[in-house]
Amino acid sequence: MTKSLFWIDQFLRRVLIGLMAAIVLVVCWQVVSRFILGSPSSMTEEIARTLLLWIGMLGAAWAYRTGQHLGLDILTSKLPAKAQHKMAMLLTSCVVLFAVAVLVIGGGALVRLAFELNQMSAALGIGMGWIYLVLPLTGLLIAVYGYCQLLCLWRGKPLNCAESE
């Protein structure tokens, strides 16, 4: 499992780097075409918006994986160690359930609906289903990462045990 997780991590990291580079280039081109050439590109705004959606969603999965996501531990840090462990298992289970129910199932339904209705992006001319595909993909990534965290918690190992095995 850890080897698969390693490859998923590497792939996600590279995708995020590529998306960040792409959005920088697109926004720079938008500025150049608007203010220097005097003829703004019609597609750059929608490309930047789509890239921002993908970066935000996949970045959320990466932040969850690396533990950099927003977490409030004001109450849980005051609990005894055994209760903290149980709370961590409960909260991680809730994250996995949310990722599956809302992002994978709900996002998958949105993708399917967008393809069925043949919704097209106005400027890009591609199906909106391809743009919305990031929702179930992110849900799947968060669910896999949460499952790995649950395994680590169940074994009584640190939360980053999937990295160290």
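Arg 49 and Glu 45 sit four residues apart in helix H2, a separation of about one helical turn. Helices here are DSSP runs (H or I, at least four residues), numbered from the N terminus. This is a predicted model, in which local features need pLDDT of at least 70, side-chain atom pairs count only at pLDDT 80 or more, and totals for chains, interfaces and linings use all residues. Residues are numbered from 1 along each chain as its sequence is written, and side-chain values use heavy atoms, with hydrogens and water left out.

**Exercise 1.** Find what joins the side chains of Arg 49 and Glu 45, and classify the exposure of Arg 49.

Solution. Begin with the criterion: a salt bridge is a side-chain nitrogen of Lys or Arg within 4 Å of a carboxyl oxygen of Asp or Glu. Arg 49 and Glu 45 form one, at 3.3 Å from N to O. Next comes exposure, where buried means under 20% relative accessible area, exposed over 50%, and partly exposed in between (1.4 Å probe, protein chains only). Arg 49, at 49%, is partly exposed, and Glu 45, at 46%, is partly exposed too.

**Exercise 2.** Count the salt bridges in the structure, then work out which helices Asp 9 and Arg 65 belong to.

Solution. The count is two. In the pair of Asp 9 and Arg 65, the closest N and O atoms are 3.0 Å apart. Asp 9 belongs to helix H1 (residues 2-36) and Arg 65 to helix H2 (residues 44-66), so this bridge ties together parts that are 56 residues apart in sequence. Now check burial: Asp 9 is buried at 8% relative accessibility, and Arg 65 is buried at 10%.

**Exercise 3.** Describe how helix H3 and helix H5 pack.

Solution. Take the axes, lines fitted to C-alpha atoms over the stretch in contact, with angles from 0 to 180 degrees between N-to-C directions. The axes of H3 (residues 81-116) and H5 (residues 134-155) come within 8 Å and cross at roughly 160°. That makes H3 roughly antiparallel to H5, a label for angles over 145 degrees. Their contact has 19 nonpolar, nine polar and no charged residues. For these classes, Ala, Val, Leu, Ile, Met, Phe, Trp, Tyr, Cys and Pro count as nonpolar, Asp, Glu, Lys and Arg as charged, and the others, Gly among them, as polar.

**Exercise 4.** Explain why Cys 94 has no bonded partner.

Solution. A disulfide needs two cysteine sulfur atoms within 2.5 Å. The closest cysteine sulfur to that of Cys 94 is in Cys 148, 18 Å away, too far for a bond. The structure holds zero disulfides.

Notes. Helix = DSSP H or I, 4+ residues; strand = E, 2+ residues; numbered from the N terminus. Parallel < 35°, antiparallel > 145°, perpendicular 65-115°, else oblique.
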